[in-house]
Amino acid sequence: MTLAKQLEFLRAREGECRLAAFGDLGARIVLRNSSAAAHPQEYLDDLCQQASRGFTLLDAATGPATPADDILVLTPGETRVFVRAADGSGDAVLCVCGSAEAAARLVAPARDLLAALAGEA
C-alpha cells in the first residue's frame, strides 16, 4: 500500500481529521499528504517547520532521558498533532483536526504508521 493511501486511511479513521501528512523534520518539508481540501505546499511545510521547532524545544526542555514523540498544538479553529518516529529518522506524521480529542485519538495510529514505515510492525 502506498504512503498516500496509508495517510488517507489514517485521516478516514477520524471524522474530524482534515489533513494527515508525512514529513521530514530534518528537511522541514512535507513529502505526502491526504487532505479534505487542497493546501499550498507552503502551508504544509509550515506545519513541518512548526513540528521541527516544537520537538527541538521539547528535547531541550526534557533532555535525552525522556524524549517525547508527540506534540499537541491548539490554534484558533483547529488542533494539530505531530508524531515523530521513535527510530530517530526524522520522519513524522502531522495531523490537523477539529478538536483536541480527535487529534489525541490519532496519536497511536500515527505511531503505528511510522513503525510500519520503519519496518518495525
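Begin with the whole chain in cartoon representation and follow it from the N terminus: the elements run α-β-β-α-β-β-β-α-α. That makes four helices and five strands. The model is a predicted one. Its radius of gyration is 13 Å, close to the 14 Å that the globule rule gives for 121 residues, so the chain is as compact as a globular protein of that length. Aligned on its principal axes, the set of C-alpha atoms fills a box of roughly 35 × 35 × 25 Å. Of the 121 residues, 41% count as buried. Among contacts with a separation of 6 or more, 51% join residues 24 or more positions apart.

**The sheet**

Select the five strands next. They form an open sheet in the order β2-β1-β5-β4-β3, with antiparallel pairing. The edges are β2 and β3, each of which pairs on one side only. Neighbouring strands are turned by 20° against each other on average, direction ignored.

Now isolate β1 and β2 at one end of that order. These two strands run antiparallel and are joined by six bridges. To check the register, display Leu19, which stands opposite Ser35 in β2, and then Ala20, which stands opposite Ser34 in β2. In a regular strand the side chains alternate between the two faces of the sheet. The hairpin of β1 and β2 has four residues between the strands, and Arg28 takes a positive phi near 60° there.

Move to β3 (residues 70-75) and β4 (residues 78-84), which pair in the antiparallel sense over six bridges. Here Ile71 stands opposite Phe82 in β4. The two strands form a hairpin with two residues between them, and Gly77 in the turn has a positive phi of about 90°.

**The helix α2**

Select residues 41-62, which make up α2. At 1.5 Å a residue, the 22 residues of this helix should span 32 Å, and its end C-alpha atoms are 31 Å apart, which agrees. Show the side chains of Leu44, Asp45, Leu47, Cys48, Ala51, Ser52, Gly54 and Phe55: these residues of α2 are buried. An α-helix has 3.6 residues a turn, so residues three or four places apart point the same way. What covers the buried residues of α2 includes β1, β2 (29-35), β3, β4 and β5. Just after the helix, Gly63 has a positive phi, near 80°.

**The largest nonpolar core**

Which residues touch the most other members of the largest nonpolar core? Select Leu10, Val93, Cys95 and Cys97, which do so within a core of 19 residues. At least two residues of this core come from each of α1 (3-13), β1 (17-24), β4, β5 (91-97), α3 (100-105) and α4 (107-117). The largest share, four residues, is supplied by α4.

Centre the view on Cys97 and display its surroundings. Leaving out residues up to four places away in sequence, Cys97 touches Glu16, Cys17, Arg18, Glu78, Thr79, Ala102, Ala103 and Leu106. A second, separate core holds 15 residues, including Leu19, Ala21, Cys48 and Leu94. Two of these have already appeared on the tour: Leu19 in the pairing with β2 and Cys48 among the buried residues of α2.

**Val107 in α4**

Finally, select Val107, a residue of helix α4. Is Val107 buried or exposed? Its relative accessible area is 10%, so Val107 is buried, the cut-off being under 20%. Leaving aside neighbours within four places in sequence, Val107 is in contact with Asp70, Val81 and Val83. To finish, draw a distance between the C-alpha atoms of Val107 and Val81: these residues are 26 apart along the chain, and the atoms are separated by 7.4 Å.

Conventions. Residues are numbered from 1 along each chain as its sequence is written. This is a predicted model: local features need pLDDT of at least 70, side-chain atom pairs count only at pLDDT 80 or more; totals for chains, interfaces and linings use all residues. Side-chain values use heavy atoms; hydrogens and water are left out. Two strands pair if DSSP finds at least two bridges between them. A nonpolar core is a set of buried Ala, Val, Leu, Ile, Met, Phe, Trp, Tyr and Cys residues joined through side-chain atoms within 4.5 Å. Buried means under 20% relative accessible area, exposed over 50%, partly exposed in between (1.4 Å probe, protein chains only). Contact means heavy atoms within 4.5 Å. The expected span of a helix is 1.5 Å times one less than its number of residues. Axes are lines fitted to C-alpha atoms, for helices over the stretch in contact, and angles run from 0 to 180 degrees between N-to-C directions. The radius of gyration is taken over C-alpha atoms; the globule rule is 2.2 Å times the number of residues to the power 0.38.
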